[in-house]
Amino acid sequence: MQLYNKLSAKERAVLIEKAGKDRLTLSFYQYAKINNPQEFRDQLFLVWDTLDVLGRIYVANEGINGQLSLPADRFQEFKSHLDTIDFLKDIRLNIAIEQDNMSFLKLKVKVRNKIVADGLNDDTFDVTNKGVHVGAEKFNELIEDNDTVLVDMRNHYESEIGHFKNAVTPDVDTFRESLDIIEEDLKEHKEDKNLVMYCTGGIRCEKASAYFKHKGFKNVFQLEGGIIEYTRQIKENELENKFIGKNFVFDDRRAEKISDDVIAQCHQCGKPADVHTNCANDACHLLFIQCDECKVEMDNCCSTNCQDINALPYEEQKALRKGQGNSNDIFKKGRADYLPFKKDLRNIYDSLKKDKS
């Protein structure tokens, strides 16, 4: 019985090309009590592997978080299987705005402690006691209200390339960091302001809304389905788009264009740019924004040091890495002292604090 992926990404890419079928990229999540995550994980893998599902799925006692792709002609089979699971029946599936057959090249279903890492003791609050879900039209109304504070619950490298107009975008590396920052900066407005939040697909806001209600915030709202569903609704209902730039996504596409605005800059030269790339030096792999000119000049590397290493024969690169472990930059997202044009957003709350005074 096969319970794990056995093909490499290259082998899978070849099979996708040969199949010649269009694939759908989608995401979904659900908070629910799963008593035996490992058993549930194994059951999912066995079924989804037969459906040619590929992606990254996390299962935990608190629920499931899935980002995946599958052949478009097997979508109904996939949906029918979800409907056989009580807490996934009729669940909303966020279909990607921009499709790419190579968005995922492996099926990874992993058991985690949580589907959203938060650093919190889940016993302290009820994650199902969430805020009010609002669609695109109501969301647009709320964020124009002077009594609303709009908060981006994503990390700095996500909001850097795209965000809603007038949103507070905390300069944080993790979801957990943003919880404390937001609570501290808005503690005087727990009752007189609307706290409206958004994220990529809704999963982080779902937990954050329950957390802030637990902390005493009275008027808590979240964008239902996140930026992905918002984009679908504004197109379908011909609503005004208040999102500028790109929506960062966690697959090989890296981002979906929501508007034509380029609000970020190349981290190396400062020119307008919003394309994330990983440093070509395998020992670094830093994720950063690089324009086309710098990509050519720097050989897709983040620094001259990495450029020199990457120019070495492969065996010499391996010898240099031997016994050294991975560079910490592998786990960073656009944070490096030698990137002169990485935006510093740590004072993003200044305007909000001025409004309070």
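Modeller: Let's start with a ground rule: two strands count as paired if DSSP finds at least two bridges between them. Also keep in mind that this is a predicted model.

Biologist: Okay, so how many bridges join strand 6 to strand 10?

Modeller: There are 3 bridges between strand 6 and strand 10 (residues 220-223), and the two strands run parallel. If you want one spot to look at, find Val-134, which stands opposite Leu-223 in strand 10.

Biologist: Which strands make up the open sheet with parallel pairing, and in what order?

Modeller: It's an open sheet of 4 strands, and reading across you get the order 6-10-9-7. Strand 6 and strand 7 (148-152) each have a single partner strand, so one side of each is left without a neighbour in the sheet. From one strand to the next, the twist averages 30 degrees.

Biologist: Which strands does helix 7 touch when it packs on the sheet?

Modeller: Helix 7 touches strand 6, strand 9 (194-198) and strand 10, and its direction makes about 155 degrees with that of strand 9.

Biologist: What about the sheet with antiparallel pairing: what is the order of its strands?

Modeller: That one is an open sheet of 3 strands, ordered 8-11-12. Its edge strands are strand 8 (162-164) and strand 12 (255-257), each pairing on one side only. Here the twist averages 40 degrees from one strand to the next. Strand 11 (residues 243-248) runs antiparallel to strand 12, joined to it by 3 bridges. Look for Asn-247, standing opposite Glu-256 in strand 12.

Biologist: Which helix lies across strand 8, strand 11 and strand 12?

Modeller: Helix 8 (residues 226-236) does, running at about 130 degrees to strand 11.

Biologist: Why is helix 8 described as largely enclosed by the rest of the structure?

Modeller: Count the buried residues: 8 of the 11 in helix 8 are buried, so the helix is largely enclosed by the rest of the structure. Among them are Ile-227, Ile-228, Tyr-230 and Ile-234. Just after helix 8, Glu-238 takes a positive phi of about 55 degrees.

Biologist: Next up, charges. How many salt bridges does the structure hold?

Modeller: The general idea is that side chains of opposite charge can pair when their charged atoms come close. In this model there are 23 salt bridges. Try Arg-232 and Glu-236, whose side chains meet at 2.7 Å, N to O. Both lie in helix 8, 4 residues apart, about one turn of the helix.

Biologist: Is Glu-236 buried or exposed?

Modeller: Glu-236 counts as exposed because its relative accessibility is 54%, and the cut-off for exposed is over 50%. Its partner Arg-232, at 36%, counts as partly exposed.

Biologist: Which distant parts of the chain does the pair of Lys-130 and Glu-206 link?

Modeller: Lys-130 is in the loop between strand 5 and strand 6, while Glu-206 is in helix 7 (residues 203-214), 76 residues apart. Their salt bridge is 3.1 Å, N to O. Glu-206 is buried, with a relative accessible area of 4%, whereas Lys-130 is partly exposed at 34%. Another one to find is Glu-158 with Arg-204, where the closest N and O atoms are 2.9 Å apart. That pair links helix 5 (residues 156-159) to helix 7, 46 residues apart, and both residues are buried.

Biologist: Which residues are linked in a network of salt bridges?

Modeller: Glu-62, Lys-114, Asp-118 and Lys-207 form that network.

Biologist: Back to the loop that holds Lys-130. What is Gly-131 in contact with, leaving aside its neighbours within four places in sequence?

Modeller: Gly-131 is in contact with Ser-209, Lys-213, Val-220 and Gln-222. Gly-131 lies in the loop between strand 5 (107-111) and strand 6 (132-134), and counts as buried at 8% relative accessibility. C-alpha to C-alpha, Gly-131 and Met-197 are 9.6 Å apart in space, though 66 residues apart in sequence.

Biologist: Last one: how many cavities of 30 Å³ or more does the structure hold?

Modeller: Rolling a probe the size of a water molecule over the atoms shows where empty space is left. This structure holds 1 cavity of 30 Å³ or more. About 30 Å³ of space lies in the largest cavity, and its lining includes Val-149, Leu-186, His-189 and Phe-217.

Definitions and conventions: Residues are numbered from 1 along each chain as its sequence is written. This is a predicted model: local features need pLDDT of at least 70, side-chain atom pairs count only at pLDDT 80 or more; totals for chains, interfaces and linings use all residues. Side-chain values use heavy atoms; hydrogens and water are left out. Buried means under 20% relative accessible area, exposed over 50%, partly exposed in between (1.4 Å probe, protein chains only). Contact means heavy atoms within 4.5 Å. Axes are lines fitted to C-alpha atoms, for helices over the stretch in contact, and angles run from 0 to 180 degrees between N-to-C directions. A salt bridge is a side-chain nitrogen of Lys or Arg within 4 Å of a carboxyl oxygen of Asp or Glu. On a 1 Å grid over the protein atoms alone, a cavity is a set of points where a 1.4 Å probe fits but cannot get out, and a pocket is an open set with protein on both sides within 12 Å along at least five of seven lines; lining residues have an atom within 4 Å of a point. Grid points are joined across faces, edges and corners, and a volume is the space filled by probe spheres set on the points.
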